[in-house]
Amino acid sequence: MAHATIYVGFTVPQLLRGASRIFPTHSALVVLRHSAFCYCTVNSTIKSKRKMDHLERTANNFRQEVISQAKVCGITNESETVKRLRLAIANKDFTFKAGQWVDFFIPGVSVVGGFSICSSPGLLEREGILELAVKHTVHPPAYWIHTECTLGSEVALRVGADLHGYQEGKGKGYKMGTVKLYYSAKNTSELLFKENILGLINAFPGKIACRFHVTQQTSQICKELQPHITEGRISEKDLEKHASKDTLWYICGPPPMIESISKLLSRIGVPRNCVFFEKWW
């Protein structure tokens, strides 16, 4: 039986890392808000009074033992608040799977960062390159990337947990599910990778769908995006139509957004064991 997957939140690196890996045997709904992925917690305690650092937050997650050196070979502005970091990996044995994150070690910075990888394993295999998308915050690793990092800067990486808890079926009984993405940002310029997402929608008709939500749009929306745009926040009405026993929900965003959407899903009867989320600091 095929199921549905729904993603709700701010950003979509894992959606883009490999479309062939995104379709579980369940449907999924994704609610995304714009920023960089850091780390995925499955049905963890949602409330947190003290902000933990990345290593505390992910202390119980599996990690590869190898720490690999990397050199910054590209920096681009994806938006006014997000930089894409392109890293050349020195260790030829460094590998990762779509959906994984890295511990990010910076010389002279005591705090270790944690960022999800926004490039595909194929790019690493072909060119020895890994990419991260990092939003500007006061968190020391992100702040360093936005204010001090330059071409040639050297860092170190260690691969963390796999976000994907499913395996694609290889047998005769496998049937591809569907994905519905709800992606919210302040305005269309902050909708990272929107061209890539539209490309996936066209490449997989009936399998991937997306609604972009903008909350503070002041300029005219381009014709290409208009059919996919809703002005205003993601609402209960948007999500309740997808509530079923066969739907898995993945949420990514800042803690208040995670808590708000989690409560909303509870009100519409979504079981807690069907909700997966990331929590940032």
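Ala161 is placed in strand 9, which covers residues 154-162. The model is a predicted one. Ala161 counts as buried because its relative accessibility is 13%, and buried means under 20%. In sequence, Ala161 and Phe96 are 65 residues apart. In space, their C-alpha atoms are 9.6 Å apart.

Strand 9 also contributes to a nonpolar core. This core, the largest, has 23 residues. Within it, the residues with the most contacts are Leu87, Phe94, Phe104, Leu130, Leu132 and Leu157. At least two residues of this core come from each of the following elements: strand 4 (68-77), strand 5 (82-89), strand 6 (100-105), strand 8 (129-135), helix 5 (140-147) and strand 9. Such grouping fits a general pattern. In soluble globular proteins, nonpolar side chains tend to be buried together.

Phe104 illustrates the contacts. Residues up to four places away in sequence are not counted here. Phe104 touches Leu85, Leu87, Val112, Gly113 and Phe115, among others. The list of its contacts also includes Leu132, Trp144, Ile145, Val155, Ala156 and Leu157. Leu87, Leu132 and Leu157 are also among the residues with the most contacts inside the largest core.

Another core lies apart from the largest one. This other core has 21 residues, including Leu191, Phe193, Leu200 and Ile201. Phe193 is found in the loop between strand 10 (178-185) and helix 6 (194-203). Phe193 counts as buried because its relative accessibility is 5%. The backbone of Phe193 also deserves a note. Its phi is positive, at about 60°, although Phe193 is not a glycine.

The pairing of two strands was examined next. Strand 4 and strand 5 pair in the antiparallel sense, over 7 bridges. A hairpin of 4 residues joins strand 4 to strand 5. Gly74 has Arg86, in strand 5, as its bridge partner. Both strands also supply residues to the largest core, at least two each. In a regular strand, side chains alternate between the two faces of the sheet.

Cysteines were considered last. The structure holds 0 disulfides. Cys118 is buried because its relative accessible area is 7%, and the cut-off for buried is under 20%. Cys149 also counts as buried, because its relative accessibility is 10%.

Definitions and conventions. Residues are numbered from 1 along each chain as its sequence is written. This is a predicted model: local features need pLDDT of at least 70, side-chain atom pairs count only at pLDDT 80 or more; totals for chains, interfaces and linings use all residues. Side-chain values use heavy atoms; hydrogens and water are left out. Buried means under 20% relative accessible area, exposed over 50%, partly exposed in between (1.4 Å probe, protein chains only). A nonpolar core is a set of buried Ala, Val, Leu, Ile, Met, Phe, Trp, Tyr and Cys residues joined through side-chain atoms within 4.5 Å. Contact means heavy atoms within 4.5 Å. A disulfide is a pair of cysteine sulfur atoms within 2.5 Å. Two strands pair if DSSP finds at least two bridges between them.
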